Amino acid sequence: MTVKPKVVLYNPRAVFYTMPLALIAIASALDRERIDVVIIDGRLEADPIGAVAAASRDAVCVGITVLTGAPIHDALAVSRAVKAANGSKPIIWGGWHPSLLASECLDEPAVDIVVTGQGEDTFRHIVDRLIAGESVSGCESGAMKDLNAYPAHDYSLIPVEKYFALKGSRQIDYISSQGCRFRCAFCADPAVFNRGWTGLDPERIASEIEFLHRRYAVQDMSFQDETFFTHAARVNTLADEFLKRDLPITWTATLRADQACRLGESLFEKTVRSGLRRVMVGVESGSQDMLDRLHKDMKLEQVRVAAEMCTRHGVGAIFNFIVGFPGESEQSMQATLALAKQLRRWNPAFETPIFYYRPYPGNPLAEQAAEGGYVFPKGLDEWADFDYVGGRGPWISRDQWKKVERFKFYTRHAWKPGAWRWPLRTASQFRCEHDWYGLPVEKLIVDFVRPPQQVS
Ligand code: B12
Ligand code: SF4
């Protein structure tokens, strides 16, 4: 019996249990008749380094997907351990951080090859060359290719049941498109995909989802697309396909507020009948001036319309906000807090997380920050220490940060349902109505009883 060449792929530890779709994508595009693939997810392993070291001993190469920030730590530790054990084992990095800072990644001795942008074709060419013992030079990433040209993602490459157990629901993650046509000045996407977009045909999405439902008894789908509602006609056909197949599945996706307006009431209603239960809307700011500066190409009025549509049709929504942009005025920050509060008050099924701006490389706002004296991390070890989840940038004072943290606490509790919560709810509502967040005794008590979770 001939042993097939083996490829090992690694997903670094991260927050949450979203399925490692990037690795499933590049693995599914390999010729699996000829090549074995092992996916190792740091989040599922007690000893990720040991697991990769053991699996990669007889592998052709190790591929790692890398997000900016903490995942770099893990990616570096695994890469360095594999290199220390076998200096000639090719280590290939791909994904968002290498796509933004390729040459810095290549400066790391433990990284041999970096793939930027879409990875399916490039990775397949590299693996084929390595198996043939040929040089990989010339395997450059080409133009963005139509996703319909690739085979369906093979979820049997991962232990799907383990993810369900960790998520606490039979929810599958699915990606139906790549890229984004918009140009938000703070976002990594325009730099990586050059404002290109490609999406799977709706009939194909529906039949893949029907298959996944039958195979894994999936009850809920989380579309991980950057902007799921990009083409109304595609959304329309997809909703029709879901309805035709009568799939007992709910789903969630990202929605821009302007797209909600363009979708219109009746199509939105149809998506809800087809299972849409929650949307995630990047509002970013409650100040129109700031939205314009961010090139968000969206009006605050559209946020109100989107919120009303969700309320009318019983769809939950997460409206994401960011504060602490370079040069952001107190007034602009206040406008953001006011809008977040208004949305919570309108509909307790709305969540309004507020993040602090931290610049990613490769976009206009980050360039402006650098021109203003902001110093970016240098080298992978510094980037690994950059805390994107818990940290704040230098453009927000400690007092402002304290206020925002208290505001987040009180707006969360002021409209939280639950009979036994009434004392905290009443106190929080009083504070929110009067915009008074001083002496936060309730927060101190709750934080003492249930300390805020540390993100590792
Ligand atoms: C799921 C997800 C997560 C998951 C990651 C789960 C995991 N697998 O570990 C979680 C929830 C942990 C997460 C966290 C965050 N995320 Co996130 N996330 C996503 C999301 C929505 C989907 C990723 C995905 O699976 N895509 C589908 C796959 C198929 O596409 P892909 O990843 O681009 O992979 C392709 C190529 O990049 C390439 N490729 C990728 N990896 C590899 C590896 C090799 C070897 C090769 C050859 C090629 C290759 O080939 C693939 C196929 O073409 C993306 C947006 C998006 N739609 O991509 C944001 C995104 C990646 N996240 C982003 C951000 C900002 C964050 C957060 C900072 C958000 C926050 N404020 O909390 C955090 C913190 C990350 C951290 N530093 O810890 C940014 C990118 C930031 C960056 N520079 O890394 C994105 C692009 C969203 C955005 N537009 O802002 N995220
Ligand atoms: S923030 Fe969203 S809409 Fe804006 S460019 Fe990025 S992915 Fe596109």
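**Exercise 1. Polar contacts of ligand 1**

How far does a backbone N or O atom of Gly119 lie from an oxygen atom of ligand 1? Work this out, then describe the rest of the ligand's surroundings.

*Solution.* Keep in mind that this is a predicted model.

Step 1. Start with Gly119: one of its backbone N or O atoms sits 3.0 Å from an oxygen atom of ligand 1.

Step 2. Now turn to the nitrogen atoms. Thr68 puts a backbone N or O atom 2.6 Å from a nitrogen atom of ligand 1. For Gly95, a polar backbone atom is found 3.4 Å from a nitrogen atom of the ligand. With a cut-off of 3.5 Å for a polar contact, the pairs with Gly119, Thr68 and Gly95 pass.

Step 3. Widen the view to the elements. Those that supply two or more residues to the shell are helix H1 (21-28), strand S3 (61-65), strand S4 (91-94), helix H4 (96-100) and helix H6 (120-131). H1 contributes the most, with four residues.

Step 4. Finish with the whole shell. There are 38 residues around ligand 1, and the ones that come nearest are Thr65, Thr68, Glu120, Glu226 and Tyr360. By class, the shell splits into 22 nonpolar, 13 polar and three charged residues.

**Exercise 2. The shell around ligand 2**

List the residues that surround ligand 2 and sort the shell by class.

*Solution.*

Step 1. Ligand 2 has Cys180, Phe182, Cys184, Phe186, Cys187, Pro190, Glu226, Thr227 and Arg256 around it.

Step 2. Sorting them gives six nonpolar residues, one polar and two charged.

Step 3. Check for a residue that turns up in both exercises. Glu226 is in the list for ligand 2, and Glu226 is also among the residues that come nearest to ligand 1.

**Exercise 3. Salt bridges, one pair at a time**

Take the pairs Lys270 and Asp240, Arg262 and Asp258, and Arg431 and Glu442. For each, find where the partners lie and how buried or exposed they are.

*Solution.* The idea behind the search is simple: side chains of opposite charge can pair when their charged atoms come close. The model's count comes to 33 salt bridges.

Step 1. Lys270 and Asp240 meet at 2.8 Å, N to O. Lys270 belongs to helix H12 (residues 265-273) and Asp240 to helix H10 (residues 232-245), so this pair ties together parts that are 30 residues apart in sequence. Lys270 is buried at 17% relative accessible area, while Asp240 is partly exposed at 35%.

Step 2. Arg262 and Asp258 meet at 2.9 Å, N to O. Both sit in helix H11 (residues 257-263), four residues apart, or about one turn of the helix. Here Arg262 is exposed at 57% relative accessible area, but Asp258 is buried at 2%.

Step 3. Arg431 and Glu442 meet at 3.2 Å, N to O. Arg431 comes from helix H19 (residues 422-434) and Glu442 from helix H20, so the pair ties together parts that are 11 residues apart in sequence. Arg431 and Glu442 are both buried.

Step 4. Look for shared partners too: Glu210, Arg214, Glu241, Lys244 and Arg245 are joined by such salt bridges into one network.

**Exercise 4. A nonpolar patch on the surface**

Which residues form a nonpolar patch on the surface, and where is Val441 placed?

*Solution.*

Step 1. The patch is made of Val441, Ile445, Phe448 and Val449, and together they have about 480 Å² of accessible area.

Step 2. Val441 is in helix H20 (residues 441-449). With a relative accessible area of 48%, Val441 is partly exposed. A patch residue needs over 30%, so Val441 at 48% clears that bar.

**Exercise 5. Positive phi values**

Find the loops that hold Asn194 and His295, and say what stands out in their backbone.

*Solution.*

Step 1. Recall the background: most residues other than glycine have a negative phi.

Step 2. Asn194 has a phi near 55°, a positive value in a residue other than glycine. The loop between helix H8 (189-193) and strand S8 (197-199) holds Asn194, which counts as exposed at 67% relative accessibility.

Step 3. His295 also has a positive phi, near 55°. Its loop runs between helix H13 (288-293) and helix H14 (300-312), and at 30% relative accessibility His295 counts as partly exposed.

How values were computed. Residues numbered from 1 in each chain as written. Chains lettered and ligands numbered in written order. Predicted model: local features only at pLDDT ≥ 70, side-chain atom pairs only at ≥ 80, totals over all residues. Heavy atoms only, no water. Near = heavy atom within 4 Å. Polar contact = N/O pair within 3.5 Å; in protein donor to acceptor, adjacent residues only side chain to side chain. Nonpolar A, V, L, I, M, F, W, Y, C, P; charged D, E, K, R; others polar. Patch = residues over 30% accessible without salt bridge, like charges linked within 9 Å, V, L, I, M, F, W, Y side chains within 5 Å. Areas by Shrake-Rupley, 256 points an atom, 1.4 Å probe, with all protein chains shown as cover. Salt bridge = Lys/Arg side-chain N within 4 Å of Asp/Glu carboxyl O. Buried < 20%, exposed > 50% of the residue type's maximum accessible area, 1.4 Å probe, protein only.
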